[in-house]
Amino acid sequence: MATIAIVEDEISTSPPTPSMFAAPDPDINQSSFDRNETIAPILSFGLITDIHYADHDDRWNYVKTHLRRYRNAAKLVNEACNYWLNGKYPISFILQLGDIIDGICSTNKTSINDLNMILEQFTKNFKSLPIYHIWGNHELYNFTREELINGPLCSFDTKDTSPAHYGTFEVCPNLRIIALDTYEFSALGIEHDSEAYIQATELLKKHNQNEQLNDPTGLRGHQRRFVQFNGGIKSKQMDWLKEQLTEAKNRNEKVIIIGHIPIHPSACDHLDLLWNYKEVLDLLWQFDGTVLAYIAGHDHDGGYFRDRKNIHHLTLQAIVECDPNTNSFATVHVYNDCLLIEGVGRIGTYKIDCQL
Ligand SMILES: [Zn+2]
């Protein structure tokens, strides 16, 4: 029995055309920040992703296009925390969107030390600030799901969701965060003789004929997403998401959704898309007006797209691939009539209109 529905459509092997999606419209409005100087937001919070810390010398990524500066990543996190500490408005929490340490830590057998080292960059600056973590593929290269659930990267009550890790919390009246586990269905972090591993591998092999399942050679367009470093969302989490969105809509709340893997083909490289992105998009589109944004990491070059249902898809640039003297994090300032996302370094600045 299929664990997730892979819905293919007419655009599955070719890039989207303007008639299929709204034209890109970043709605970047620097002047909107003028009032940031005088009107305090309801609250602010931090966003950071793909830190990939490792106590390891810098090395090129797989395709040799970007240098991963592993130790520099810790310095940049510390810098981000200092920025938030000295900002005009205090932040209330941080969202860390996954890949906090790199897979190389597992090879070096330094996963726990390296994780503690990077978490310390947050805790030495913020003694008791909540940090909500979600899990990327690199968490699953370093730890099993059981280890993650029992460790410092578990941010949600997993009593009813284990071994998956997803949850929700209220940011302020009428605004909610929903955090997804985009590797609920995957071949990572689980025993190779488990039913879940067998099913995920079967799905991959159906779409990807390469010997190495991380290799997209021969795959075209959206089909390139069928690689082992991606994953999908199972029906149990889909049902939960629908329930959460229905309740939010009934309460007249707005929702920001976060997940490690992006879900819109125009907001990332197709190689980095969720396996069942279309199914999730279709669900979110039933709740247009409620869902304001989907914020992800995973594609280290980042991306942005406002879709035809006015949902803003932000894929945030990775910390680990920052050139020297730059950084990559953002602060979200929540106002009654908009969210102002103030990026630093590689991340842009965005305004999302809403009525809270
Ligand atoms: Zn990453």
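Okay, let's start with a puzzle: which residues does Arg176 touch, not counting residues up to four places away in sequence? Keep that in mind while I walk you through the chain. One thing up front: this is a predicted model.

So, the overall picture. The chain has 356 residues, and 44% of them are buried. DSSP-style elements come to eight helices and 14 strands. If you take the contacts with a separation of 6 or more, 68% of them are between residues 24 or more positions apart.

Let's do the sheets. A quick reminder for anyone new to this: strands of a sheet pair through backbone hydrogen bonds, and the pairing can be parallel or antiparallel.

One open sheet is made of six strands, in the order E5-E4-E1-E12-E13-E14, with mixed pairing. Strand E5, residues 131-133, and strand E14, residues 349-353, have a single partner strand each, so they stand at the edges with one side left without a neighbour in the sheet. Ignoring direction, neighbouring strands here are turned by 20 degrees against each other on average. Inside that sheet, look at E12, residues 328-334, and E13, residues 338-345: they run antiparallel and are joined by seven bridges. If you want a spot to click on, Thr331 stands opposite Glu342 in E13.

Now the other one I want to show you, also an open sheet of six strands with mixed pairing. Its order is E6-E7-E8-E9-E11-E10. At its edges you'll find E6 and strand E10, residues 303-306, each pairing on one side only. From one strand to the next, the twist averages 15 degrees.

Start at the E6 end. E6, residues 167-172, runs antiparallel to E7, residues 175-179, and five bridges join them. Gly167 has Ala179 in E7 as its bridge partner. The hairpin of E6 and E7 has two residues between the strands, and there Asn174 takes a positive phi near 75 degrees.

Move along the sheet and you get a parallel pair: E8, residues 254-258, with E9, residues 291-296, over four bridges. There, Val255 stands opposite Val291 in E9. And lying across E6, E7, E8 and E9 is helix H7, residues 235-250, which runs at about 180 degrees to E7.

Right, back to the puzzle. Arg176 is found in strand E7. Setting aside residues up to four places away in sequence, it touches Thr168, Glu170, Val171, Ala248, Glu253 and Val255. Buried or exposed, then, for Arg176? Arg176 has 21 other C-beta atoms within 10 Å, and the cut-off is 20 or more, so it's buried. Also, the C-alpha atoms of Arg176 and Val291 are separated by 9.6 Å, with those positions 115 residues apart along the chain.

Last stop, the core. In soluble globular proteins, nonpolar side chains tend to be buried together. The largest nonpolar core here holds 89 residues, and those touching the most other members are Ile51, Val77, Ile258, Ile295 and Ile319. Helix H1, residues 70-85, gives the most to this core, with seven residues. Take Ile258 as an example: leaving aside its neighbours within four places in sequence, its contacts are Leu95, Leu97, Ile134, Ile177, Ala179, Leu180 and Ile295. Remember Ala179? That's the bridge partner of Gly167 from the hairpin strands. Okay, that's me done, thanks!

Conventions: Residues are numbered from 1 along each chain as its sequence is written. This is a predicted model: local features need pLDDT of at least 70, side-chain atom pairs count only at pLDDT 80 or more; totals for chains, interfaces and linings use all residues. Two strands pair if DSSP finds at least two bridges between them. A residue is buried if 20 or more other C-beta atoms lie within 10 Å of its own, exposed if 12 or fewer, and partly exposed in between; C-beta atoms are placed from the backbone. Two residues are in contact if their C-beta atoms, placed from the backbone, lie within 7 Å. A nonpolar core is a set of buried Ala, Val, Leu, Ile, Met, Phe, Trp, Tyr and Cys residues joined through C-beta atoms within 7 Å. Axes are lines fitted to C-alpha atoms, for helices over the stretch in contact, and angles run from 0 to 180 degrees between N-to-C directions.
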